[in-house]
Amino acid sequence: MTIAPMNAGPTTAPARPTRWWLGMLERRAEKMREEYLDLSQPIAWSSEEERRAAIKFFNAAFRAEESGLRQAHELAGEVAAWDPDLARTLELYGNEEGWHRELLTEFLEHIGGEVLPMGRVTRTFYRLYARAERMETIVLTNLMFETIGATTYRLALRNVRHPAARSMLTILTRDESFHVPLNVHFLRHILERDPDARRRLRWIFLLLFTSLLALPLASRPKARAFDGIGTRQLARAYAEYLGRLFENEPDLGLRPPRLLLRLLGLTPQELRRTDELSVASAEAAERAADRSATVVTAL
Ligand SMILES: [Fe+2]
Ligand SMILES: [Fe+2]
């Protein structure tokens with residue numbers, strides 16, 4: 001699965017200042033309402049099991065959007081006192097998650113589903129996340145959630161053939177891919193402001209990394225009949241994308257757990273390969289940023 005703009009070649013764009021992200025989000029906000037899901041045709045499910053799995057899949061997505069929206073807007077309120085541009089960037093970012101939540105609500109209705117109460121594992125995750133108070137913990141958690149979200153949508157796009165579901169997944173993949181480097185930008189700013197934050201984050205990072213890799217054990221029995229992704233395949237993909245993200249951003253000081261990577265057949269050298277763009281780079285952001293020029297294709 002690749003995400004690439006039309007006529008894109010490799011670029012060497014430097015890390016971007018907040019103003020760049022803000023400008024990009026403002027342009028995206030203008031285009032946001034022009035986009036819509038084509039729900040004119042009912043989906044021809046192969047089985048009721050597939051439809052139910054799709055409802056579970058998009059419910060998980062809905063919860064991620066809901067949580068992202070709330071956390072981004074709360075952070076915007078805190079950040080406003082010391083960096084109004086960064087606060088506005090957080091607000092617009094939260095608005096994008098709010099828009100995703102609206103689209104998902106519409107899509108769930110289309111497939112005869114609704115927003116369901118959270119399962120035990122999901123509820124535990126979000127409860128812990130909602131209790132996080134320190135800004136660096138919230139942003140790091142969000143960054144890692146965005147990464148596994150984008151990874152799941154990207155893999156699902158390889159298997160899902162229903163046009164309406166593909167259209168929903170395409171929007172989510174494209175936008176969450178933009179949100180990953182955006183959250184790296186947020187995290188960098190927060191770490192710059194508080195020199196002790198990096199040290200505090202190390203254990204939280206390892207705990208999150210390990211827990212997120214175990215998440216497919218809970219999600220696969222519910223969603224696999226829709227997305228066709230296996231447990232080990234998804235855990236390895238999470239390790240790969242999370243690993244690549246942090247291996248290629250060494251200034252964040254968060255080193256992925258080597259043993260865990262090796263257990264899944266990944267080496268740090270592989271993850272630092274230069275022929276693949278870092279998922280957190282400004283180049284990757286540019287590729288995912290412009291809604292009109294971005295296409296998403298399955299491998
Ligand atoms: Fe989203
Ligand atoms: Fe997002």
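**Entry 1: R16**

I began with the exposure of R16 in this predicted model. R16 has 18 other C-beta atoms within 10 Å, so I logged R16 as partly exposed. A residue needs 20 or more such neighbours to count as buried and 12 or fewer to count as exposed, so 18 falls in between. I then looked up where R16 sits: R16 is in the loop that runs between strand 1 (2-5) and helix 1. For a partner distant in sequence I took H185, which is 169 residues from R16 along the chain. The C-alpha atoms of R16 and H185 are 8.2 Å apart.

**Entry 2: the chain as a whole**

I went through the secondary structure next. I found 11 helices and two strands in the chain. The order along the sequence is β-α-α-α-α-α-α-α-α-α-α-α-β, which puts a strand at each end of the pattern. The chain has 299 residues, and I noted 42% of them as buried. I also checked the sequence range of the contacts. Taking contacts between residues at least 6 apart in sequence, I found that 80% join residues at least 24 apart.

**Entry 3: the nonpolar core**

I looked up the largest nonpolar core and found 71 residues in it. F58, Y238 and L242 have the most contacts inside this core. I listed the helices that each supply at least two residues of the core: helix 1 (18-32), helix 2 (48-79), helix 3 (84-110), helix 5, helix 6 (163-193), helix 7 (197-227) and helix 8. As background, I noted that nonpolar side chains tend to be buried together in soluble globular proteins.

I then took L242 by itself. Setting aside neighbours within four places in sequence, I found L242 in contact with M144, T147, F209, L212 and P256.

**Entry 4: helix 5 against helix 8**

Two of those partners, M144 and T147, sent me to the contact of helix 5 with helix 8. The axes of helix 5 (residues 135-159) and helix 8 (residues 231-247) come within 9 Å and cross at roughly 130 degrees. Helix 5 is therefore oblique to helix 8. I recorded the crossing as right-handed. On the helix 5 side the contact is made by M144, T147, I148, T151, T152 and L155. On the helix 8 side I listed L234, A237, Y238, Y241, L242 and L245. Sorted by class, the contact has nine nonpolar residues, three polar residues and no charged residues.

**Entry 5: helix 5 against helix 7**

I stayed with helix 5 and turned to helix 7. Their axes come within 10 Å and cross at roughly 30 degrees. Helix 5 and helix 7 are therefore roughly parallel to each other. Helix 5 passes helix 7 in a right-handed crossing. From helix 5 I noted E136, T137, L140, T141, M144, I148, A156 and N159 in the contact. From helix 7 I noted A197, R200, L201, I204, F205, L208, L212 and D227. This contact has 10 nonpolar, three polar and three charged residues.

I also looked up L215, which is in helix 7. With 19 other C-beta atoms within 10 Å, L215 is partly exposed. L215 and L234 are 19 residues apart along the chain, and their C-alpha atoms are separated by 9.1 Å.

**Entry 6: helix 2 against helix 3**

I checked the pair formed by helix 2 and helix 3. The two axes come within 8 Å and cross at roughly 160 degrees. The two helices are therefore roughly antiparallel to each other. I logged the crossing of helix 2 past helix 3 as left-handed. The residues of this contact comprise 16 nonpolar, five polar and five charged.

**Entry 7: two exposed glutamates**

I looked up E78 in helix 2. E78 has 12 C-beta neighbours inside 10 Å and so counts as exposed. The C-alpha atoms of E78 and M135 are 8.9 Å apart, with the two positions 57 residues apart in sequence numbering.

Last, I looked up E192 in helix 6. E192 has 11 other C-beta atoms within 10 Å and is therefore exposed. I paired E192 with L252, which is 60 residues away along the chain. Their C-alpha atoms are separated by 9.8 Å.

Key: Residues are numbered from 1 along each chain as its sequence is written. Chains are lettered from A and ligands numbered from 1 in the order in which they are written. This is a predicted model: local features need pLDDT of at least 70, side-chain atom pairs count only at pLDDT 80 or more; totals for chains, interfaces and linings use all residues. Helices (H or I, at least four residues) and strands (E, at least two) are DSSP runs, numbered from the N terminus. Two residues are in contact if their C-beta atoms, placed from the backbone, lie within 7 Å. Axes are lines fitted to C-alpha atoms, for helices over the stretch in contact, and angles run from 0 to 180 degrees between N-to-C directions. Angles under 35 degrees count as roughly parallel, over 145 as roughly antiparallel, 65 to 115 as roughly perpendicular and the rest as oblique. A crossing is left-handed if the near helix is turned anticlockwise from the far one by less than a right angle, and right-handed if clockwise. Ala, Val, Leu, Ile, Met, Phe, Trp, Tyr, Cys and Pro count as nonpolar, Asp, Glu, Lys and Arg as charged, and the others, Gly among them, as polar. A nonpolar core is a set of buried Ala, Val, Leu, Ile, Met, Phe, Trp, Tyr and Cys residues joined through C-beta atoms within 7 Å.
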